[in-house]
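Reader: I am new to this structure and should like to be guided through it by questions and answers. Please begin once the sequence and the model are in view.

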Amino acid sequence: MMETTTVATRAIQAAAQGREPQVLEALGINWRAGTPHITCPYPSHADGDPSWRWNEKRARAFCTCLKGAHSIFDVVMAIDGCDFAAAKLRVAEILDRPDLIQFRSPQPSGTFQATDARSLLEAPASHRDDTLPIKYLASRLGIEPGQVPVPTTPMVGLKALGYYDPPPAGSKGKPRQVGLYPCAVFGTEDAEGGSHALRIYVAPEGQGKAVLGNGPNGRPRDPKKAAKILDGSNTAGRAALWGRPAQAPRIILCEGVETAAAVALAFWSEIVANEIAVAAAISATGMEAFQPWPATREVIVGADRDDGPKDDGRPGSGRGEAAARSFALEHYQALASSIALPGQPGETLDWLDLLRNQGVGAVRAGILAAEPFRPTPQELAEGLLNRRRRAELVEIVATYPLPALYTTLLSYRHTSNHEVWVHKCTGRDDDGTLHWLPVSSPFGIAARLRHADQADAYGLRVMIRDMAGQSRPIDIDRATLARMGATDIRALLLGAGLRVEGDGEMVAVSALKAAQPEREIITVSRPGWHDIEGVSAPVFVTLAGHALGVPERCDIELAAAVRASLPPAAGTGDGWRDAITAALSALDCPHWTLGVTAGFVAPLVSLLGLDTCGISLSGLSSAGKTIALKLAVSAWGTPKLNKGLLQSMRTTENALEALARNSHSTVLALDELAHVDGKAMSKMIYGIASGSGKSRMSQGAILRPRSQWQTFALLSGETSLEEKIRSDGGQFQAGMAVRIPDVDVTHVNRRVAPAILAAIDGIEQHYGHAGPAFVAELICHGCHRTPEPLRQRVQAAARRIAGADADSARVRAALPFALLFVAGELAKALGVIPSSAAVAAMVTWAWQRFDSSSDAQALKPDEQVINNIRAYIAERWDVTVKSTEATTESFDGTRRTNNRESVGWYDDGAIYLPTHRIREAAGNTMKEQQIIRVLVEHDCLLRRHDDKRAAVRWVPKVGRIAAYALKRSAFGRSNRTSDPDLTVIQGGMA
């Protein structure tokens with residue numbers, strides 16, 4: 001016996017870790033030559049557009065020809081066309097690890113042999129004696145081995161194969177080996193190319209069936225067993241064959257290999273001439289399930305006659321004739337069907353018995369005397385019912401595919417009240433019949449989900465037949481199957497309408513845990529642009545879950561929960577265009593043009609890698625601010641408040657994260673700032689603009705992935721952001737103004753004609769078309785592959801809007817307006833909005849409104865600091881900013897004694913603010929060093945400690961306190977009634 005080489009899987013995987021590039025180099029794959037993709041090296045892939053790449057960090061290969069990722073061993077198998085065992089050996093040789101290669105001798109005959117069909121038919125040569133099947137058939141037919149008609153389907157003889165008794169029904173015990181016996185294995189096939197095998201344990205040298213003794217039920221053990229089914233497929237209709245049924249017009253269908261061999265012997269000349277093929281169904285059930293080939297024109301069912309009493313005294317079952325009539329009933333309309341029974345009524349006889357008793361001529365004559373099948377009225381009614389039941393089963397199996405399990409056999413069957421339920425095999429009855437127990441209504445696993453933006457974590461798409469009989473998909477994360485006994489999953493299944501009995505819930509959970517569906521769907525948790533492994537350019541996922549810019553064989557969707565929360569589209573694109581055309585035509589309503597244009601900004605923000613920004617619309621009520629927000633969101637989905645992308649500002653910071661994530665690459669519209677406190681508003685602005693949610697821990701103390709987004713925010717309120725934040729005691733800073741500039745819409749036209757308003761209301765019925773159309777055009781023009789020209793265009797527009805001498809803060813504040821301009825002009829050029837839209841005029845108007853607002857003052861930090869300090873001192877004068885005298889004469893001539901706490905002091909020339917108060921006084925808008933720089937540059941300090949220290953160390957008549965000595969002339973109160981910096985000019989009317 002020759003030695004075989006093996007390599008331990010775990011050992012070679014450990015050895016290859018980190019050395020994959022060495023293996024790639026040995027295979028001749030120059031993976032570093034790509035940017036990052038190279039032409040696929042797999043022989044089976046004609047890669048015209050380079051799409052293969054190696055991810056060194058993940059040690060995986062990606063390509064459009066792959067459903068997932070390839071390990072280094074997968075790459076070796078694809079290049080060399082070998083199996084996993086050979087790939088392990090090749091990698092060990094490349095890595096020069098001969099110590100991992102083991103040499104083993106084949107196992108001796110009679111040792112363990114897997115009993116699935118493939119393993120049996122491809123058993124090692126050392127285990128086999130392929131003369132056994134012929135010797136067995138010769139023994140049964142009573143002829144010499146050289147006269148046996150040889151089947152067309154494969155057959156194998158095994159020198160010894162273990163025979164096992166199954167464990168008792170319902171127990172968790174293991175099968176018990178009865179002994180080792182010679183075995184003849186006959187391969188089976190069907191018209192669709194499916195294959196299986198039948199085991200027949202035989203006596204030594206194949207001289208009849210093996211004598212196996214009585215089983216646990218007291219009855220003789222059956223020497224015939226089908227091969228083990230690994231994939232859960234239905235093998236009942238597969239048969240051993242003599243001849244070529246794909247060519248022969250007539251098939252003689254028999255029950256049992258031995259019986260069919262007897263018929264094949266009788267019709268051997270016709271079989272050789274391709275006129276007849278003989279099929280051996282494994283059982284009566286297999287005869288009923290047998291499906292003819294397309295070439296078949298006539299079927300003669302050579303059934304066994306089972307009329308006589310059995311050996312144990314039970315009456316004859318007539319099962320053979322019943323199976324023959326059942327098959328004929330199914331096919332008599334399409335084929336010429338007839339039935340032949342050996343012997344006479346009342347006997348128990350098969351064609352093998354007839355051959356041995358009366359010879360080949362009797363078998364031939366009996367088969368040719370078959371009577372044409374004529375169904376009875378009762379059979380016709382039953383046939384109609386059976387066809388309906390089978391059609392229902394076929395539909396259920398296709399809609400709710402069950403996974404193949406290793407330890408539990410599941411199948412769809414009809415219950416006693418004619419419903420189709422999942423049944424679990426609980427073992428065999430005493431007579432060897434499989435026992436099936438209904439456990440649940442139909443469910444199936446349609447696809448596996450790979451969450452691309454959640455570290456490629458897996459999920460499953462489960463199809464449930466709900467309580468109304470409708471198909472309902474639900475998506476689950478596989479990780480939740482391990483939490484608290486899958487309680488959440490079971491609740492989800494039952495909530496979706498799954499009905500169960502007994503342990504049906506746990507059977508369903510077990511099936512979900514073991515499921516490995518072939519179809520893989522890549523899911524993302526937010527709409528918009530995404531970088532997908534194996535795809536060379538960004539992909540855009542719409543609110544409806546459709547992926548734009550996706551190559552073939554790449555299945556990408558939006559997560560079902562997000563998709564359900566964002567109704568995507570209704571009506572028509574033309575209807576939407578009519579509505580926004582009315583909005584664009586409204587006189588003196590540029591904020592509606594802003595709203596229409598804002599719907600196309602976020603795809604550019606995300607594509608160009610810019611930070612989230614936005615616009616806040618402020619002004620009196622009923623100025624059409626909400627209409628502007630509705631126009632923006634209507635490009636992507638429903639404009640109804642709180643039903644899609646348009647949300648009320650009545651929300652929390654945590655909820656705002658989810659809203660922002662769901663608006664990625666679309667638009668974030670938040671209405672009515674009055675609903676939120678000003679202090680919280682300042683945090684929300686920075687939260688929105690950050691593009692990232694808070695870090696959070698899972699129950700297992702694992703850091704969860706942050707929510708991420710890049711979008712364009714459109715806010716509305718009756719007051720500006722600066723007024724809202726300051727009025728509620730918050731600090732308005734320059735960072736807020738540059739991220740979300742405020743545009744005052746108070747002076748727009750508030751008397752728009754009712755006809756125009758009615759036309760604009762068309763967006764309530766027509767929405768969700770323009771946004772995807774805009775992105776599709778960007779992809780069609782290749783903008784998603786080379787976004788740099790667009791980025792430069794936006795930056796140039798921002799500099800132009802801000803002005804030639806603008807500083808960086810002003811340019812950044814102009815960025816949202818530049819994005820509105822570029823997005824609007826692109827939408828016009830791509831034909832998404834009318835070319836008459838006054839985008840440039842709108843942007844000019846909006847920037848002027850912002851530039852003249854109090855919010856824009858935050859862009860002048862020096863003036864803001866000085867004004868804040870002046871207001872701080874004035875508000876506290878003679879209250880907590882006190883005179884250095886215990887009692888002093890105030891500027892109005894009165895003398896006061898102030899016993900309040902102090903935040904500063906003043907004398908005739910200076911105001912002293914402690915160093916730790918200066919940031920508070922300046923509004924917390926700058927660092928202390930920056931504040932002092934402003935005070936020095938504007939000559940606001942009366943004196944300093946020295947050239948290095950701006951703060952004095954002594955406050956006169958107060959004590960040793962580090963403080964800044966500010967000029968009283970610049971910050972102190974005065975009894976003047978007019979601004980000394982203003983000049984009054986006397987004049988009169990001409």
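Author: This is a predicted model. Its charges offer a starting point: the protein chain has 109 positive and 107 negative side chains. The centres of these two sets lie 5 Å apart.

Reader: What radius of gyration does the protein chain have?

Author: Along its principal axes, the C-alpha trace spans about 145 × 75 × 55 Å. For a compact globule of 990 residues, a radius of gyration near 30 Å would be expected. The protein chain instead has 42 Å.

Reader: How many helices and strands are there in the protein chain, and what share of its residues count as buried?

Author: The protein chain contains 33 helices and 39 strands. Among contacts with a separation of 6 or more, 65% join residues 24 or more positions apart. Of the 990 residues, the share that counts as buried is 47%.

Reader: How much area does the protein chain expose?

Author: Carbon and sulfur atoms supply 50% of the exposed area. The total for the protein chain is about 47,700 Å².

Reader: Does G162 count as buried or exposed, and why?

Author: G162 is placed in strand 5, residues 155-165. Leaving aside residues up to four places away in sequence, G162 touches Q177, G179, L180 and Y201. The relative accessibility of G162 is 9%, and the cut-off for burial is under 20%, so G162 counts as buried.

Reader: How far apart in space are G162 and A114?

Author: In sequence, G162 and A114 are separated by 48 residues. From C-alpha to C-alpha, their distance is 9.7 Å.

Reader: Is R53 buried or exposed?

Author: R53 lies in strand 2, which covers residues 53-55. Beyond residues up to four places away in sequence, R53 touches P36, H37, R60, A61, F62, E533 and G534. Its relative accessibility is 15%, and because burial means under 20%, R53 counts as buried.

Reader: What distance separates the end C-alpha atoms of helix 10?

Author: Helix 10 has 13 residues, 319-331. At 1.5 Å a residue, helix 10 should therefore span 18 Å. The distance between its end C-alpha atoms agrees with this, at 19 Å.

Reader: Which helices and strands do the buried residues of helix 10 pack against?

Author: The buried residues of helix 10 are G320, A323, A324, F327, A328, L329 and H331. In an α-helix there are 3.6 residues a turn, so residues three or four places apart point the same way. The buried residues of helix 10 pack against strand 10, helix 9, strand 12, strand 13, strand 14 and helix 13.

Definitions and conventions. Residues numbered from 1 in each chain as written. Predicted model: local features only at pLDDT ≥ 70, side-chain atom pairs only at ≥ 80, totals over all residues. Heavy atoms only, no water. Helix = DSSP H or I, 4+ residues; strand = E, 2+ residues; numbered from the N terminus. Rg over C-alpha atoms; globule rule 2.2 N^0.38 Å. Buried < 20%, exposed > 50% of the residue type's maximum accessible area, 1.4 Å probe, protein only. Contact = heavy atoms within 4.5 Å. Areas by Shrake-Rupley, 256 points an atom, 1.4 Å probe, with all protein chains shown as cover. Lys, Arg positive; Asp, Glu negative; His and termini not counted. Charge placed at Lys NZ, Arg CZ, Asp CG, Glu CD. Expected span 1.5 Å × (residues − 1).
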